[in-house]
Amino acid sequence: MAVKRSSKLTQTAMLKQIIKKCSSLAKKQWYEYDEDGLPVDVPKGHFAVYVGEKRSRYIVPISFLAHPKFKGLLQKAEEEFGFNHDMGLTIPCEEDVFLSLTSMIR
């Protein structure tokens, strides 16, 4: 009989992958980085995402990763872009929708 992984373990692994990817954003951009390779303008406990057609950059708290609506955005991002590209974490929605959602989460 096969042992089924719990969905919580899978979600935890996915969140760790997202955080790791967010902390290793492409260095081709104009942002400054510290000695660990992390962007200096992103406070501890936060990560950068890119949203909308113009790929506007937003800094959001890691606590957002636990919110069901934000998890939905992350799943859409994975389906559309995957997590293996040089632009950092790109959220596939319009900026005003993203801002409305994040204002509700706070």
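**Strand 1 and its partners.** I looked up strand 1 with strand 3 and found 3 bridges joining them, in a parallel run. Strands here are DSSP runs of E of at least two residues, and helices are runs of H or I of at least four, numbered from the N terminus. Two strands pair if DSSP finds at least two bridges between them. The model is a predicted one, where local features need pLDDT of at least 70, side-chain atom pairs count only at pLDDT 80 or more, and totals for chains, interfaces and linings use all residues. Residues are numbered from 1 along each chain as its sequence is written, and side-chain values use heavy atoms, with hydrogens and water left out.

I noted two pairs across strands 1 and 3: Val51 has Ile91 as its bridge partner, and Val49 stands opposite Leu89. Strand 1 is joined to strand 2 by 6 bridges, and these two run antiparallel. His46 stands opposite Pro61 there. The two strands form a hairpin with 4 residues between them, and Gly52 in the turn has a positive phi of about 80°.

**The sheet.** I read the order as 2-1-3, an open sheet of 3 strands with mixed pairing. Strand 2 and strand 3 are at the edges with a single partner strand each, so one side of each has no neighbour in the sheet. The twist averages 40° from one strand to the next; axes are lines fitted to C-alpha atoms, for helices over the stretch in contact, and angles run from 0 to 180 degrees between N-to-C directions.

**Helices on the sheet.** Helix 2 packs on the sheet, touching strands 1, 2 and 3, and its direction makes about 105° with that of strand 3. Contact means heavy atoms within 4.5 Å. I also checked helix 3, which lies across strands 1, 2 and 3 and runs at about 15° to strand 2.

**Burial.** Which residues of helix 2 are buried? I found Phe70, Lys71, Leu73, Leu74 and Ala77. Seen down the helix axis they fall within an arc of 155° (taken from the directions from the axis to the C-beta atoms), so they line one face. The face turned away from that buried side carries the exposed Pro68, Lys69, Glu79 and Glu80. Buried means under 20% relative accessible area, exposed over 50%, with partly exposed in between (1.4 Å probe, protein chains only). In strand 1, 5 of the 6 residues are buried, so it is largely enclosed by the rest of the structure.
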